[in-house]
Amino acid sequence: MKVVFMGTPEFALSALKKIAKKHDVICVYTREPQIAGRGNKLTKSPVHQWSEENGILVRTPKTLRSPEAQKEYADLRADIAVVAAYGLILPQPIIEAFPKGCINIHGSLLPRWRGAAPIQRAIEAGDDKSGITIMNIVQALDAGDMLLKGEVKITKETTGEILHDQLAELGAELIVQALNQIDELQSKAEKQNESLVTYAAKIDKKESLIDFNLSAEELERKIRAFNPYPAMYFEYKGERIKILKAEICHQNGKAGMILEGEQALIIACGKEALSVQELQRAGKKKMTIKEVLNGFKFENIVLS
RNA sequence: CGCGGGGUAGAGCAGCUCGGUAGCUUACCAGGCUCAUAACCUGGGGGUCGGUGGUUCAAAUCCACCCCCCGCAA
């Protein structure tokens, strides 16, 4: 099949790689290069870079609302479009441009977690499973009929990064399967149950400052969900310290109080306490707590 | 030229202002002790102090340039 692929980050790239093995990807749409990284360098998206390296036509329109962009798109005469974390809203003419439509890879078991950050929100909420839904694109956000699903368990070890990678892999497999059976799947597409819809709000950097008034249980989930990005952190004597991994510890104390800072790092929360297992100090690489404490001790102060 | 922190033993750090025999924790090796613990005691090995050049009687430390790692912002 002739496929147009629309995607931007790593998550989309794993799908693109697999599709390109089985189908004819005639054009890739991705976000235009952004100013990013130290030194504010103009950086091409992962999908952009890989596509160029593999000789696939790349387009990076700022918007798809213009008639010119829409005509250029339609002129590709593809069979179908696959969208995965693209980053631009698709107007109706784009959605309807190709005969077999426009399908999307979404990182949750819809209708739960429509929206921008389904992977992290599932962990944060304490869900015991997540997954991939392949669905038709419609104008309303992530509301299209569902074609194919796959599940992944969320365990106590599941971090945002792990789940992201698992779902990227699963998404890649399912999208290839969906393309192979597209007509059959379309004939039995399933509507989403609107009463079960939840929304996964975009992650705001402000959320990553730890509020020790929350329970240790809630904070541990946030720490896992937001590892490695944006990573939950606290300020210790003006220094930003990210917690990458922590365990719940059955101790209590004034919220934010460092109960132990030499043999271990244990911080009291609203309910119980967190024993930090892995952290990253500003300017340093991430380290296990044992490594940190070999050369750095925390005083028993109260973190605000 | 976006802002900033850092590179010293395998790992984590101190020492740098104020140049003068490189130190701490841990890991490792050997011996002892122990039912057991991130155990304890004794002894030991391990470093061209990121690189190059400069200043100096003397540079981890001061100066210049370069390489590498990371945090923030976006």
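## A tour of the RNA contacts and the largest pocket

Select lysine 284 and RNA strand B: a backbone N or O atom of this residue lies 3.0 Å from a sugar or linking oxygen of the strand. This is a polar contact (a pair of N or O atoms within 3.5 Å). The model is predicted, local features need pLDDT of at least 70, and side-chain atom pairs count only at pLDDT 80 or more. Residues are numbered from 1 along each chain as its sequence is written, and chains are lettered from A.

Next, select glycine 39, where a backbone N or O atom lies 2.9 Å from a phosphate oxygen of RNA strand B. Then go to lysine 242: here a polar side-chain atom lies 3.3 Å from a phosphate oxygen of the strand.

Now show every residue near RNA strand B (one heavy atom within 4 Å of it). There are 22, and among the closest are Lys205, Lys285 and Glu291. Which helix gives the largest share of this surface? Select α9, which supplies 5 residues; it spans 289-295. Helices are DSSP runs of H or I with at least four residues.

Leave the RNA and select Pro9, Ala85, Tyr86, Gly87 and Ala116, the lining residues closest to the centre of the largest pocket. A pocket is an open set of points on a 1 Å grid over the protein atoms alone, where a 1.4 Å probe fits, with protein on both sides within 12 Å along at least five of seven lines; lining residues have an atom within 4 Å of a point. Finally, colour domain 1 (2-200) and domain 2 (205-293), whose bounds come from an automatic or database assignment: both give residues to the lining, so the pocket lies between them.

How values were computed: Side-chain values use heavy atoms; hydrogens and water are left out. A polar contact is a pair of N or O atoms within 3.5 Å; within protein, one must be able to donate a hydrogen and the other to accept it, and residues adjacent in sequence count only if both atoms are side-chain atoms. Helices (H or I, at least four residues) and strands (E, at least two) are DSSP runs, numbered from the N terminus.
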